[in-house]
Amino acid sequence: MRVLVLTGPESSGKSRLAQALQARFGGLVVGEYVRHFIEQQGRDTCYGDIPAIARGQLAWEDRARASAPPLLILDTHLLSNLLWSRTLFGDCPAWIEQALLARRYDLHLLLDPRGMPWVDDGQRCQPQLDERLRFHRACRDWLQGHGQAFVELHGDWPARERQALAQVGAGWTACWQAPRAAGRYCCQCRWMASSTPLARSCSRAAANSSARPSSFLPKAT
């Protein structure tokens with residue numbers, strides 16, 4: 001199973017891009033739990049809500065991981081909870097970052113807010129571009145500081161959609177389509193290591209495969 005994460009500030013196209021990637025490559029998409037939480041509670045969040053929101057996000061992610069799809073697309077993950085908690089309340093429960101670092105994520109697509117309009121959907125709260133740029137920098141700093149694999153996407157919607165499809169198509173499709181070899185899935189090669197012999201062998205093996213994973217969007221329980 002390969003795990004792809006979409007991250008970045010609000011109104012940068014994460015949810016739309018998750019659906020576009022699923023439409024092209026299949027897999028499972030995990031949505032953003034905090035949206036469900038706010039709709040259920042009918043109010044703004046407070047610092048005391050952060051643990052429940054983070055646990056809800058983890059529960060959705062774990063439910064999808066348990067079905068072991070070849071491709072798991074996360075519309076967001078705990079990094080968003082971590083940074084929003086710090087942004088809004090100046091603090092975050094320590095266990096959230098620990099839980100985030102304990103999990104494996106193969107690639108993050110970090111979306112730049114520039115080139116995308118801010119759309120008020122009743123839950124967003126950063127209409128100013130400089131606010132969203134600060135959040136984007138915080139995402140990038142965290143990913144870099146913790147050695148996480150990521151690629152930045154820029155431009156308007158067609159441009160970032162093309163970039164995302166190219167990244168996932170070039171670095172992933174060949175691997176997840178390949179059959180077992182020597183008792184291991186050849187997709188265990190590094191996502192971005194397309195120049196390695198193993199990745200090149202994945203590309204050759206993929207030419208003979210047409211498998212596609214099933215898909216679903218986790219529901220709240």
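**View 1. Helix 6 lies across three strands of the sheet.** In this close-up, helix 6 (residues 129-145) crosses strand 1, strand 4 and strand 5, and runs at about 160° to strand 4. As in every view here, the model is a predicted one. Helix 6 will come back in View 4, where it is listed among the elements that give two or more residues to the largest nonpolar core.

**View 2. Five strands make an open sheet with parallel pairing.** To find your way across, follow the order 2-3-1-4-5. Strand 2 (28-30) and strand 5 stand at the edges with a single partner strand each, so one side of each is left without a neighbour in the sheet. From one strand to the next, the twist averages 20°. It helps to recall how such sheets are held: strands pair through backbone hydrogen bonds, either parallel or antiparallel.

**View 3. Strand 4 is buried along its whole run, with 5 of its 5 residues covered.** Here we look at residues 107-111 and the strands that pair with them. Leu107, Leu109 and Leu111 are buried on one side of strand 4, and His108 and Leu110 are buried on the other, so to speak a strand with both faces covered. Strand 1 (residues 2-7) pairs with strand 4 in the parallel sense over 4 bridges, and leucine 4 stands opposite leucine 107. Strand 5 (residues 150-153) also runs parallel to strand 4 and is joined to strand 4 by 4 bridges. On that side, look for leucine 111 opposite leucine 153.

**View 4. The largest nonpolar core has 31 residues.** Good places to start are Leu72, Leu74, Leu78, Leu79 and Ile96, which touch the most other members. Strand 1, strand 2, helix 2, helix 3, strand 3 (71-74), helix 4, helix 5 (94-101) and helix 6 each give two or more residues to this core. Helix 3 gives the most, with 6 residues. For a closer look at one member, take leucine 79: leaving aside residues up to four places away in sequence, leucine 79 touches Thr7, Leu100, Cys139, Trp142 and Leu143. Another core, of 20 residues, lies apart from the largest one and includes Leu17, Leu111, Met116 and Leu153. Two of these names will be familiar from View 3, where leucine 111 stands opposite leucine 153 in strand 5.

**View 5. Tyrosine 33 and tryptophan 60 meet edge-to-face.** The model has 4 aromatic pairs. In this one, the rings sit 5.3 Å apart centre to centre, with 85° between the planes. The pair links distant parts of the chain, 27 residues apart: tyrosine 33 belongs to helix 2 (residues 33-41) and tryptophan 60 to helix 3 (residues 50-66). Are the two residues buried or exposed? Both tyrosine 33 and tryptophan 60 are buried. Together with Phe37, they form one aromatic cluster.

**View 6. Tyrosine 47 and phenylalanine 89 form another edge-to-face pair.** Their ring centres are 6.0 Å apart, and the planes make an angle of 70°. Tyrosine 47 lies in the loop between helix 2 and helix 3, while phenylalanine 89 is in helix 4 (residues 78-89), so the pair ties together parts that are 42 residues apart in sequence. Tyrosine 47 counts as partly exposed, because its relative accessibility is 33%. Phenylalanine 89 is partly exposed too, with a relative accessible area of 31%.

Methods:
Residues are numbered from 1 along each chain as its sequence is written. This is a predicted model: local features need pLDDT of at least 70, side-chain atom pairs count only at pLDDT 80 or more; totals for chains, interfaces and linings use all residues. Side-chain values use heavy atoms; hydrogens and water are left out. Buried means under 20% relative accessible area, exposed over 50%, partly exposed in between (1.4 Å probe, protein chains only). Two strands pair if DSSP finds at least two bridges between them. Rings of Phe, Tyr and Trp (its six-membered ring) pair if their centres lie within 6.5 Å; planes under 30 degrees apart count as stacked, over 60 as edge-to-face and the rest as tilted. Axes are lines fitted to C-alpha atoms, for helices over the stretch in contact, and angles run from 0 to 180 degrees between N-to-C directions. Contact means heavy atoms within 4.5 Å. A nonpolar core is a set of buried Ala, Val, Leu, Ile, Met, Phe, Trp, Tyr and Cys residues joined through side-chain atoms within 4.5 Å.
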